[in-house]
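Here are my comments on the model you sent, arranged as numbered points. Please read them with the coordinates open.

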Amino acid sequence: MRRVLIAEPDADVRELLELTVERLGYEPVAAAEAADVGAVLLEPGSAVGHSLLRRLGDDGPPVICLSIYPREHGLEPAQSVAYLMKPAAAADIAEVLRGVLAVQPHH
Amino acid sequence: MSLRSSPTTRLGAAVSLARRRYFLTFVALAGLAITWGVMVAFDWSARLGTIALAPWAALLAFDLGVAVGALGALATATLWLVTANAQQAVLDGVQIGVRYGSMLLLGLGSGFAGQRLRESARSQRSVAALQSALIDSTLDGICLTDENGELLISNRPLRRLAAELGMPASGTVPERLLAIADAIAEPARYRARMQELAGTTGDATLDEFELAGTGRVFRGYTSPVEAPDGSFVGRIWTLREVTADRELDRMRDAFVATVSHELRTPLTSISGFLEMMQEEEASLGASGKRYLDVIRRSTQRLHALVEDLLLVAQIEARRVELQLAPVDVADLAARAVEAARPAADEKGVHVEVHRDHPPLVEGDGDRLTQVLDNLISNAIKFTEAGGRVRVETAEHDGGVKLVVADTGIGIPASEQGQVFSRFFRASTATQQAIPGTGLGLAISRALVEQHGGHIAFVSEIGKGTEVTVTLPATP
């Protein structure tokens, strides 16, 4: 089972993302339990996203950005492998997550 | 208001001396005394007659007015009569009467002429003072130059602005404008523009520039000025500080951008959970399914609105980049019509497509589709059941011309100038509660113009609207 870390400030959106991740067969984890995750789903324009990125450092897991801001705002971190704008369709999130986790070595 | 110092200054000084009060009276009295002295000394009263004294009497009357002038003329005639009597001249009553009468008429006439002239000068001075007060008390800096750009006249606000901007006090206006290029936010662009302006004599132009490091924005206008007969009088230049206007625009754009971003968080959960709920749609009753449809439609509209708001903010910030590729506009139009057909059918509006195989143009297919979607959905939206919408593409000047015409409700003539403004909605649309944000045409125009194209329309109330877009072969 792959763990997907979710760093999203809004409770409703967080719940939606957790459900989306579960339905794909992965395990959603909160920002506090950062260990052993295959991918990070993150709002780069939020405080929770910022502090998590600092904690993970440069060689952390691949980051998927899901943001209320367009890419041109320059919020995308170096570890980012995909940038989606909210509201993204569940199918788009699934496609990106599957792609990212498929190329990851098993822990 | 100030005038350029004239080369006729010396002549001006002489004129102003002559205009000094009672100068002419002094000259007239002196002349009268000298002429009379000659008359007495040489015993010439008969030889010279009243005619020798007449110019001085006339001058006196001109300077002192009708009443004093008439009395002066009679006194002059009396002076001559007394002198002539003293010199034993033989005069009959008619001779004396004619001389007195002529002198009296001369005095009255000259006095009247002088008064009229002084009144007209006075009224001219007061008009000039009012005009000067008028142009000095406006907010705009205004000046007029001759055909070479030499300053003819300027108002006080202009002199104040010129001093604030650090413009030199001499040279032609284009030269003075060029001299401050280094203080402007984009000096190279400003310099090129000012050189261009110095060379033109043609149309009116409007430019904005920002003073580097201060955030102060100025708007300059210049235009040739013609007399009613069409002859060239000069060129007017006006300068206005628009910093507050631009600040307001910036605040509005920032607000629009923030709204567009902040709406995305609730929109994400609404559309996300809606997607999940659709999986359970089968278990819903007929009314539940209908409710779900309404939520879905409204969510789509909300999403479109949020995207439009973002696009407007990006357009304002000049952050929209076109992905250029050869595009078949006729094909895009046909597809946009097919996408809009269900809505048109539902409303009972007939949509027809005419294509004349126009050439491919360099453009951004997605952005042009957005323009087409906006124009076609507007045409359907503002046309009543039974009406027609015509979408036509044809070759134009090596590029493409696209026409979207409807037989709809039309736009009132008084509102046609604002149609492309952001958030503007025609009264015909709001009165009939036709939904919309007033962003579609603003976005369409910005996208068409970014393609180097042009968008325009003609519209008549109750008859319909025809929008024409022209796109060049390459932007």
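The points below cover the basis of the model, the sheet of one chain, the contact between chains and one helix.

1. This is a predicted model, in which local features need pLDDT of at least 70 and side-chain atom pairs count only at pLDDT 80 or more, while totals for chains, interfaces and linings use all residues. Residues are numbered from 1 along each chain as its sequence is written, and chains are lettered from A and ligands numbered from 1 in the order in which they are written.

2. In chain A, five strands form an open parallel sheet in the order β2-β1-β3-β4-β5, where strands (E, at least two residues) and helices (H or I, at least four) are DSSP runs numbered from the N terminus, and pairing requires at least two DSSP bridges. The edge strands, each pairing on one side only, are β2 (27-30) and β5 (80-85) of chain A.

3. β4 (residues 63-67) of chain A pairs with β5(A) in the parallel sense over five bridges, and A:Ser67 stands opposite A:Met85 in β5(A).

4. The contact takes 13 residues from chain A and 15 residues from chain B, two residues being in contact if their C-beta atoms, placed from the backbone, lie within 7 Å. On the chain B side, α11(B) gives the most, with ten residues.

5. Helix α13 (residues 329-347) of chain B has 19 residues and should span 27 Å at 1.5 Å a residue (taken times one less than the number of residues), which agrees with the 26 Å between its end C-alpha atoms. B:Gly348, with a positive phi near 80 degrees, follows α13(B).
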